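Student: Could you pick one part of this model and walk me through it slowly? I'd like to see how a single stretch fits in with the rest.

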Amino acid sequence: MRIVVRGDSGFCREELMAWCEANRLEYLLGLAKNERLKAEIAKEMAEAQAQYQQTGRATRLFQEFFYQTLKSWSRVRRVVAKAEHLEKGENRDS
């Protein structure tokens, strides 16, 4: 059986991630925005804005990288970030 744990950034805690990893469960959790994460996708955000300005259509780009918090995570983990530019402006999700 395949179980995938999914939650917003309120669930992105070391205890839950470590438990999922120890029990071989996949997980998808949101990350709260911070300056380090914003810097990781700055290039993609600029590209999304440029594409939006050219086409007038919502643009979504994705960037994958490895990341570790400064204090709360025990190890490096894979992050997939979305750089999005909509009619109302930019939107960043990780």
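**A close look at α1 and its surroundings**

Tutor: Let's begin with arginine 24, which counts as exposed because its relative accessibility is 79%, and the cut-off for exposed is over 50%. Keep in mind that everything here comes from a predicted model. Arginine 24 sits in the loop that links α1 (14-22) to β2 (26-29). Its backbone deserves a second glance: phi is positive, about 55 degrees, even though this residue isn't a glycine. Most residues other than glycine have a negative phi.

Now step back into the helix itself. Glutamate 14 belongs to α1. Is glutamate 14 buried or exposed? Its relative accessibility is 16%, so glutamate 14 counts as buried, given that buried means under 20%. What does glutamate 14 touch, if you skip residues up to four places away in sequence? The answer is Ser72, Trp73, Ser74 and Arg77. Take serine 74: it lies 60 residues from glutamate 14 along the chain, yet the two C-alpha atoms are separated by 7.1 Å.

Alanine 18 is in α1 too. With a relative accessible area of 29%, alanine 18 is partly exposed, because that value falls between the 20% and 50% cut-offs. Alanine 18 also has a partner from far along the sequence: arginine 75 is 57 residues away, but C-alpha to C-alpha the gap is 9.5 Å.

Trp73, which we just met as a contact of glutamate 14, turns up again when we look at empty space. The second largest pocket holds about 190 Å³. It's lined by 15 residues, and those closest to its centre are Cys12, Arg13, Leu31, Ala32 and Trp73. Sorted by class, that lining has six nonpolar, six polar and three charged residues.

Some of those names also belong to the largest nonpolar core. This core has 13 residues, and the ones touching the most other members are Cys12, Leu31, Ile41, Phe65, Tyr67 and Trp73. Two strands, β3 (59-67) and β4 (77-86), supply at least two core residues each. β4 gives the largest share, with three. As a general point, nonpolar side chains tend to be buried together in soluble globular proteins.

Finally, zoom out to see where α1 belongs. The chain has three helices and five strands, and along the sequence they come in the order β-α-β-α-α-β-β-β. Of the 94 residues, 32% are buried. Long-range pairs like the ones we followed can be put in context as well: among contacts with a separation of 6 or more, 41% join residues 24 or more positions apart. The C-alpha trace spans about 45 × 35 × 20 Å along its principal axes. On the outside, the chain exposes about 6,800 Å², with carbon and sulfur atoms supplying 49% of that area.

Notes
Residues numbered from 1 in each chain as written. Predicted model: local features only at pLDDT ≥ 70, side-chain atom pairs only at ≥ 80, totals over all residues. Heavy atoms only, no water. 1 Å grid on protein atoms, 1.4 Å probe; cavity = no way out; pocket = protein on both sides within 12 Å on 5 of 7 lines; lining within 4 Å. Points joined across faces, edges and corners; volume = space filled by probe spheres on them. Nonpolar A, V, L, I, M, F, W, Y, C, P; charged D, E, K, R; others polar. Core = buried A, V, L, I, M, F, W, Y, C linked by side-chain atoms within 4.5 Å. Buried < 20%, exposed > 50% of the residue type's maximum accessible area, 1.4 Å probe, protein only. Helix = DSSP H or I, 4+ residues; strand = E, 2+ residues; numbered from the N terminus. Contact = heavy atoms within 4.5 Å. Areas by Shrake-Rupley, 256 points an atom, 1.4 Å probe, with all protein chains shown as cover.
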